[in-house]
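Grab a coffee and open the viewer. Below are some short exercises, each followed by a worked solution.

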Amino acid sequence: MSILSTYPNPKSQEEDDRNRMKRMEVNDPFALREEGTRRFKKGDYKSAFEYWTKAAELGDIVAPYKLSILYWLGGGVEKDERKKVYHLEEAAIAGHLEARHNLGCHEWSNNDNAERAVKHFIIAANLGLDLAIEVLHGGYAAGMVSKEDFAAALRAHQAASVAMKSPLREAAEEYQTAVKAAGS
């Protein structure tokens, strides 16, 4: 039995909307974040900011990352590098891999701090982020990352990638593929 059959799809858009509203009313951080994303896609950046802020306050680890994007773009808020970095740090501390990677990029390009940037990339690679291992490979080829650091990060990245394989994760990927195919 597939995990997908455990959670039936709503029978109508109205049912889906009702379910989402119920979840937001009880402050489900995931539902609030997703509503923020819907608003962002519609160009309503101020509402996206409000939903993502609430989701972040409730512990969602993706919401601070999304807030950092608003501060980077100046969408619904004034561009603010300090607040962008603050939200990236909050997301990275909570375990958001792309936020960790983006902190590395920030350290490298804005602070000219390659040593600190490499530490961020190593953490992200150790947790399984493919992009971070690619950046470290480039840094190794350019002589900015030691052979030992790159080898250790590569081993940890491979171990994280293997550890992330599970029937539930594969079912989630299958579901995401089906959703994308249905939306096309």
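**Exercise 1. A buried ring and its partner**

Task: Find F121 and decide whether it is buried or partly exposed. Then work out how its ring sits against the ring of W108.

Solution. Start with the accessibility, keeping in mind that this is a predicted model. F121 has a relative accessible area of 3%, and buried means under 20%, so F121 is buried. W108 has a relative accessibility of 30% and therefore counts as partly exposed.

Next, look at the two rings. A pair of aromatic rings is described by the distance of the centres and the angle of the planes. For W108 and F121, the centres are 6.3 Å apart and the planes stand at 40 degrees. Planes under 30 degrees apart count as stacked and over 60 as edge-to-face, so this pair is tilted.

Finally, place the pair on the chain. W108 belongs to helix α6 (residues 97-109) and F121 to helix α7 (residues 114-126), with their positions 13 residues apart in the numbering.

**Exercise 2. The overall build**

Task: Describe the fold in terms of its helices and strands, then add its dimensions and surface.

Solution. Count the elements: there are ten helices and zero strands, so the order from the N terminus reads α-α-α-α-α-α-α-α-α-α. Then take the dimensions: the C-alpha trace spans about 55 × 45 × 30 Å along its principal axes. Of the 184 residues, 32% are buried. The protein exposes about 11,600 Å², and 54% of that comes from carbon and sulfur atoms.

For the charges, take the mean position of the 25 positive ones and that of the 28 negative ones; these two points are 2 Å apart.

**Exercise 3. More aromatic pairs**

Task: How many aromatic pairs does the protein have, and what is the geometry of F49 and Y71?

Solution. The count comes to five aromatic pairs. In the pair of F49 and Y71, the ring centres are 6.1 Å apart and the planes are 85 degrees apart, which makes the pair edge-to-face. F49 lies in helix α3 (residues 45-57) and Y71 in helix α4 (residues 62-73), 22 residues apart, so the pair links distant parts of the chain.

Now compare the exposure of the partners. F49 is partly exposed, with a relative accessible area of 23%, whereas Y71 counts as buried at 8%. To finish, look for a cluster: ring pairs link F40, Y45 and W52.

**Exercise 4. Two nonpolar cores**

Task: Which elements give two or more residues to the largest nonpolar core, and which residues have the most contacts inside it?

Solution. The largest core has 14 residues, and those with the most contacts inside it are A125, I133, L136 and A153. The elements that give two or more residues are α7, α8 (130-141) and α9 (147-163). Among these, α7 gives the most, with six residues.

Zoom in on I133: setting aside residues up to four places away in sequence, I133 touches A125, F150, A153, L154 and H157. Elsewhere, a second, separate core of eleven residues includes L32, A63, Y71 and V77.

Follow the contact from I133 to F150, which is found in helix α9. F150 is buried, with a relative accessibility of 11%. Beyond its neighbours within four places in sequence, F150 is in contact with I133, L136, H137, Y140 and V145. The C-alpha atoms of F150 and N126 are separated by 10 Å, although these residues are 24 apart along the chain.

**Exercise 5. Two residues of helix α6 and a glycine**

Task: Are H101 and E107 buried or exposed, and which residues do they touch?

Solution. Begin with H101 in helix α6. At 6% relative accessibility, H101 counts as buried. Its contacts, leaving aside neighbours within four places in sequence, are F121, A124, L129, L131, A132 and V135.

Move on to E107, also placed in helix α6. E107 has a relative accessible area of 8% and is buried. Not counting residues up to four places away in sequence, E107 touches D112, N113, R116, A117 and H120.

End with G95, in the loop between α5 (81-94) and α6. G95 is partly exposed, with a relative accessible area of 35%. From G95 to L127 the C-alpha distance is 8.8 Å, with 32 residues of separation in sequence.

Note on methods: Residues are numbered from 1 along each chain as its sequence is written. This is a predicted model: local features need pLDDT of at least 70, side-chain atom pairs count only at pLDDT 80 or more; totals for chains, interfaces and linings use all residues. Side-chain values use heavy atoms; hydrogens and water are left out. Helices (H or I, at least four residues) and strands (E, at least two) are DSSP runs, numbered from the N terminus. Buried means under 20% relative accessible area, exposed over 50%, partly exposed in between (1.4 Å probe, protein chains only). Accessible areas come from the Shrake-Rupley method with a 1.4 Å probe; for residues, only the protein chains shown count as cover. Lys and Arg count as positive and Asp and Glu as negative; His and the chain ends are not counted. The place of a charge is taken as NZ of Lys, CZ of Arg, CG of Asp or CD of Glu. Rings of Phe, Tyr and Trp (its six-membered ring) pair if their centres lie within 6.5 Å; planes under 30 degrees apart count as stacked, over 60 as edge-to-face and the rest as tilted. A nonpolar core is a set of buried Ala, Val, Leu, Ile, Met, Phe, Trp, Tyr and Cys residues joined through side-chain atoms within 4.5 Å. Contact means heavy atoms within 4.5 Å.
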